[in-house]
Amino acid sequence: VQELQATGSPVEIPSEQTAPTVDAVAENAANTAADLSFGSLIATPHTAQSYIKASRRFLSMGVGAENFIRNRMAEEIALTMNQWILKGTGAAGEPTGILNTTGIGALASGDWSETTALRDLEILEELVADANALEGAGNLGWAMHHRAKRALRTMQTPAAPSLLVGDRVFTAGSETEILGHAYRTSTQLDSGSGGATGELIFGNWEKAMLVQWGNLSVEASNTADDAMSKRQTHIVAYMDMDVVVTQPGAFAAITDLNLAAI
């Protein structure tokens, strides 16, 4: 996604509400002027924070112990940010992620099989194309759970070999693309292993923006709360961010994928 470093709050991001119109104009004639309508998307800070209590005996092991804690907290905050970008709920302090943004394309899928998996992926492409967001897009790609990737690798569709590389929807090994578009896996998307809840997104990721206020901040205290009596150091790491989808039609998703049998 695009990243924007913000200094103030809130941040207004311009958006187009109505598009320009185009007329066929005869010689010495004028076309009709269109009143463009513009709006703004508002980004406000949402804080992803991790708070731990570490024994000072552990921290006395030196710089390695401190770096270990910092890196682990940063990794968990990064996973939370990943979840918020993909499927933030817009409630309980979370920003609104792509899956919960009004206006994205939606496909009811269900169980994947050799005959439906490829069809579903192509329909997701079509939904983005129908929104005039496919041609010329700069960063098209897939986001899925690794279980969905494994399902695609193991499915064979001999009935339609002309559509595939070899006889598989997606080959194993060092493949970096699915149907010509890059993919990324995320454990923050539902795998569909427990039933019809699996999630998969296709879209132009330039149309999603991650707004950040500063960098990851880390604060520590050995006197806060009961830290003194327990010989602990209390550590807080946090990041302020928001997610803005500037063109919802540039994304299409499946949210009812059932991979329980895979």
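**Exercise 1.** Leaving aside neighbours within four places in sequence, determine which residues His46 is in contact with, where contact means heavy atoms within 4.5 Å.

*Solution.* With those neighbours set aside, the residues in contact with His46 are Trp84, Gly93, Glu94, Pro95, Met239, Asp240, Met241 and Asp242. The model is a predicted one, in which local features need pLDDT of at least 70 and side-chain atom pairs count only at pLDDT 80 or more, while totals for chains, interfaces and linings use all residues. Residues are numbered from 1 along each chain as its sequence is written, and side-chain values use heavy atoms, with hydrogens and water left out.

**Exercise 2.** Place His46 in the secondary structure and decide whether His46 is buried or exposed.

*Solution.* First, His46 belongs to strand β4 (residues 46–55), strands being DSSP runs of E with at least two residues and helices runs of H or I with at least four, numbered from the N terminus. Next, His46 has a relative accessible area of 16% and is therefore buried, since buried means under 20%, exposed over 50% and partly exposed in between (1.4 Å probe, protein chains only). Finally, a polar atom of the His46 side chain lies 2.9 Å from the backbone oxygen of Gly93.

**Exercise 3.** Compare the span of helix α3 with its expected value, and list its buried residues.

*Solution.* Helix α3 (residues 117–130) has 14 residues, and from first to last C-alpha it reaches 20 Å, close to the 20 Å expected at 1.5 Å a residue; the expected span is 1.5 Å times one less than the number of residues. Its buried residues are Ala117, Leu118, Asp120, Leu121, Leu124, Glu125 and Val128. Just after α3, Asn132 adopts a positive phi of about 55°.

Technical notes: Polar contact = N/O pair within 3.5 Å; in protein donor to acceptor, adjacent residues only side chain to side chain.
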